[in-house]
Amino acid sequence: MCCSGLLKILMFIVNGAIFLVGAGLLGVGVWVTLDSDSMLGFLEHIEDAPAELKQLANVGYLLIGLGIGLAFIGFLGCCGAMKESRCMLLTFFIIVLIIFLAEVAGAVVLFVFQPLVEELLQEIKVEVADSIEKTYGEDEALTTFWNTTMVELKCCGYSNYTDFTGSPFVNTSGLYPPECCKTGKKCILDMAHSADIPGCFEALVTLIEDNAGLVGGVALGICAVEVLAMIFAMVLYKKAGK
């Protein structure tokens, strides 16, 4: 009886953690979905953008689905432990196992895909620079996107300030975007050249690389909690049948 009570407490703790992780992923998924245009909006202006890059915009929906699934199984596990229902415990175990296997498969795909992202972003450098030169300062949506991206990532253009040379904005005003200069003064060609602000391609790759370890650590933590949840569920399942 004491052992059974301890297992119930552990199940509540573990499933509470799963529920909170699910809620967190749901929130991140909503944020990524709403903010995807500010990170990948330039792809809409490139005719031959790689399909693999466009799929990155769906990561938010994947996180939302995963978050809802984890929140549900956390609730299901708590109910199953409280009622000692073999049906609920077995259902909980099967769902967690399926999600666990999906996460492992997803981790393998991300591990393989991460180096490919830099290569794909490099491939579209010419097309992105061409779209900036033709429409920056004229196309409101693209101009707003680049202004927002440069502020958030503290970068200038896709490669550097030269992407804006010949653009409607520069031809009309004779100035470069203020993010391309280190001072708050009007950004002219010489100032942009001397500031040497890195391009958003480099900033985006750095952002991905810097957060890869954090994402991997969180994923390992989630997997460890799920394994514990499956073990506790099976032990309770066997005890509930006696």
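**Exercise 1. Two loop residues with positive phi**

Task: Decide whether Lys154 is buried or exposed in this predicted model, then find what its phi angle shows.

Solution.
- Step 1: Start with accessibility. Lys154 has a relative accessibility of 65%. Exposed means over 50%, so Lys154 counts as exposed.
- Step 2: Place Lys154 in the chain. Lys154 belongs to the loop between α6 and α7.
- Step 3: Look at the backbone. The phi angle of Lys154 is near 55°, a positive value in a residue that is not glycine.
- Step 4: Now try Asp196, which sits in the loop between α8 (189-195) and α9 (200-240). Phi of Asp196 is near 50°, again positive in a residue other than glycine. With 59% relative accessibility, Asp196 counts as exposed.

**Exercise 2. The overall fold**

Task: Work out how many helices and strands the protein chain has, and how much of the chain is buried.

Solution.
- Step 1: Count the elements. There are nine helices and zero strands.
- Step 2: Write them in order along the sequence. The pattern is α-α-α-α-α-α-α-α-α.
- Step 3: Turn to burial. The protein chain has 242 residues, and 38% of them count as buried.
- Step 4: Consider the outside. About 13,400 Å² is exposed, with carbon and sulfur atoms supplying 69% of that area.
- Step 5: Ask how far along the sequence the contacts reach. Taking contacts between residues at least 6 apart in sequence, 73% join residues at least 24 apart.

**Exercise 3. One salt bridge**

Task: Find which side chains meet in a salt bridge, and say where they lie.

Solution.
- Step 1: Recall the idea. Side chains of opposite charge can pair when their charged atoms come close.
- Step 2: Count the pairs. The total is one salt bridge.
- Step 3: Name the partners. The side chains of Asp130 and Lys134 meet at 3.2 Å, N to O. The cut-off is within 4 Å, so a pair at this distance qualifies.
- Step 4: Locate the partners. Both Asp130 and Lys134 are in helix α5, four residues apart, or about one turn of the helix.
- Step 5: Check their accessibility. Asp130 has a relative accessible area of 33% and is partly exposed, while Lys134 reaches 52% and is exposed.

**Exercise 4. A buried charge**

Task: Asp163 is buried; find the nearest side chain of opposite charge and how far away it is.

Solution.
- Step 1: Find Asp163 in the loop between α6 (140-153) and α7 (168-173).
- Step 2: Look for a charged partner. The nearest side chain of opposite charge is Lys125, 8.2 Å away, and Asp163 has no salt bridge.
- Step 3: Look for a polar partner instead. The Asp163 side chain reaches the backbone nitrogen of Ser159 at 2.7 Å.
- Step 4: List the surroundings. Leaving out residues up to four places away in sequence, Asp163 touches Ala129, Ile132, Glu133, Gly157 and Tyr158.
- Step 5: Follow Ser159 to Val128. These two residues are 31 apart in sequence, and their C-alpha atoms are 9.2 Å apart in space. Val128 lies in helix α5 (residues 125-135) and counts as buried, at 0% relative accessibility.

**Exercise 5. Two threonines**

Task: Decide which class, buried or exposed, fits Thr143 and which fits Thr172.

Solution.
- Step 1: Thr143 is in helix α6. Its relative accessibility is 14%, and buried means under 20%, so Thr143 is buried.
- Step 2: Check the contacts of Thr143. Apart from neighbours within four places in sequence, they are Thr135, Tyr136, Gly137 and Glu138.
- Step 3: Thr172 is in helix α7. With a relative accessible area of 70%, Thr172 is exposed.
- Step 4: Trace the polar partner of Thr172. Its side chain reaches the backbone oxygen of Pro168 at 2.7 Å.
- Step 5: Link back to Gly137. The C-alpha atoms of Thr172 and Gly137 are 8.7 Å apart, although 35 residues separate them along the chain.

**Exercise 6. A nonpolar patch**

Task: Find which residues form a nonpolar patch on the surface, and which helix gives the most to it.

Solution.
- Step 1: Name the members. They are Leu26, Val30, Leu34 and Ile68, with about 360 Å² of accessible area together.
- Step 2: Find the main contributor. Helix α1 (residues 2-40) gives the most, with three residues.
- Step 3: Test one member. Val30 is in helix α1 and, at 36% relative accessibility, counts as partly exposed.

Methods:
Residues numbered from 1 in each chain as written. Predicted model: local features only at pLDDT ≥ 70, side-chain atom pairs only at ≥ 80, totals over all residues. Heavy atoms only, no water. Patch = residues over 30% accessible without salt bridge, like charges linked within 9 Å, V, L, I, M, F, W, Y side chains within 5 Å. Areas by Shrake-Rupley, 256 points an atom, 1.4 Å probe, with all protein chains shown as cover. Helix = DSSP H or I, 4+ residues; strand = E, 2+ residues; numbered from the N terminus. Buried < 20%, exposed > 50% of the residue type's maximum accessible area, 1.4 Å probe, protein only. Lys, Arg positive; Asp, Glu negative; His and termini not counted. Polar contact = N/O pair within 3.5 Å; in protein donor to acceptor, adjacent residues only side chain to side chain. Contact = heavy atoms within 4.5 Å.
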